[in-house]
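Reader: I'd like a close look at a single part of this one. Could you take me through it slowly?

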Amino acid sequence: KMNPPLRSEADRQALIAGLKDGTLDAVATDHAPHAIHEKDVEFDAAPFGILGLETAVGLMWTELVGPKILSLDDLIRLMSSAPRKILGLPAVRIAEGEPANWTLIDPGRKWKIDADRFQSLSRNTPFHGRSCTGASAGIVHRSTVVQSFGG
């Protein structure tokens with residue numbers, strides 16, 4: 001159960017066109033993970049939301065960057081610099097003396113989305129079993145590796 005729900009192929013293509021032509025200026029996940037017991041109830045009683053954080057980069061790379069619909073620069077802008085700008089946060093600077101705040105990406109990593117291996121306590125995803133190429137390899141926050149994802 002998601003809000004908004006997954007839409008049609010025509011809607012998906014319209015989203016891609018909006019990303020390409022600049023109508024849509026950012027991509028983010030709501031990352032609304034819920035425990036199994038919260039989602040395993042009557043549909044109307046279940047909370048909205050799925051896990052998005054652990055799948056977003058892989059899905060964006062597989063669907064958009066790999067097939068050259070969007071560039072790596074587009075991905076960085078849509079998922080990093082544009083959301084920071086929208087939220088009024090300063091741009092991340094990559095320069096000597098600046099703290100490193102990065103998501104490390106392995107563009108060639110082939111993997112299958114496996115909800116049983118998520119770092120999050122949530123397992124709810126419509127993408128379980130989906131094959132991807134490209135993935136987050138780790139997170140560096142304030143120059144410290146805070147998460148490293150194995151393969």
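In which strand is W102 found? Please start there and then tell me about the pockets.

Author: Bear in mind that this is a predicted model. W102 is found in strand β1, which covers residues 102–112. With a relative accessible area of 37%, W102 counts as partly exposed, because that label covers values between 20% and 50%. On the surface, W102 joins V92, I94 and L104 in a nonpolar patch, and together they have about 370 Å² of accessible area.

Strand β1 also takes us to the largest pocket, since β1 is one of the elements that give two or more residues to its lining. That pocket has a volume of about 1600 Å³. Its lining runs to 43 residues, and L53, V57, T103, S136 and I139 lie nearest the centre. Besides β1, the elements giving two or more lining residues are α3 (56–65), α4 (72–86), β2 (131–141) and β3 (144–148). Helix α4 gives the most, with ten residues. By type, the lining of the largest pocket splits into 23 nonpolar, 13 polar and seven charged residues.

Now for the second largest pocket, which holds about 1200 Å³ of space. Here 34 residues form the lining, with M2, L6, L15, A28 and F127 nearest the centre. Helix α3 turns up again, as α1 (9–21) and α3 each supply at least two residues of this lining. The largest share comes from α1, with six residues. The lining of the second largest pocket divides into 20 nonpolar, seven polar and seven charged residues.

Conventions: Residues numbered from 1 in each chain as written. Predicted model: local features only at pLDDT ≥ 70, side-chain atom pairs only at ≥ 80, totals over all residues. Heavy atoms only, no water. Patch = residues over 30% accessible without salt bridge, like charges linked within 9 Å, V, L, I, M, F, W, Y side chains within 5 Å. Areas by Shrake-Rupley, 256 points an atom, 1.4 Å probe, with all protein chains shown as cover. Salt bridge = Lys/Arg side-chain N within 4 Å of Asp/Glu carboxyl O. Helix = DSSP H or I, 4+ residues; strand = E, 2+ residues; numbered from the N terminus. Buried < 20%, exposed > 50% of the residue type's maximum accessible area, 1.4 Å probe, protein only. 1 Å grid on protein atoms, 1.4 Å probe; cavity = no way out; pocket = protein on both sides within 12 Å on 5 of 7 lines; lining within 4 Å. Points joined across faces, edges and corners; volume = space filled by probe spheres on them. Nonpolar A, V, L, I, M, F, W, Y, C, P; charged D, E, K, R; others polar.
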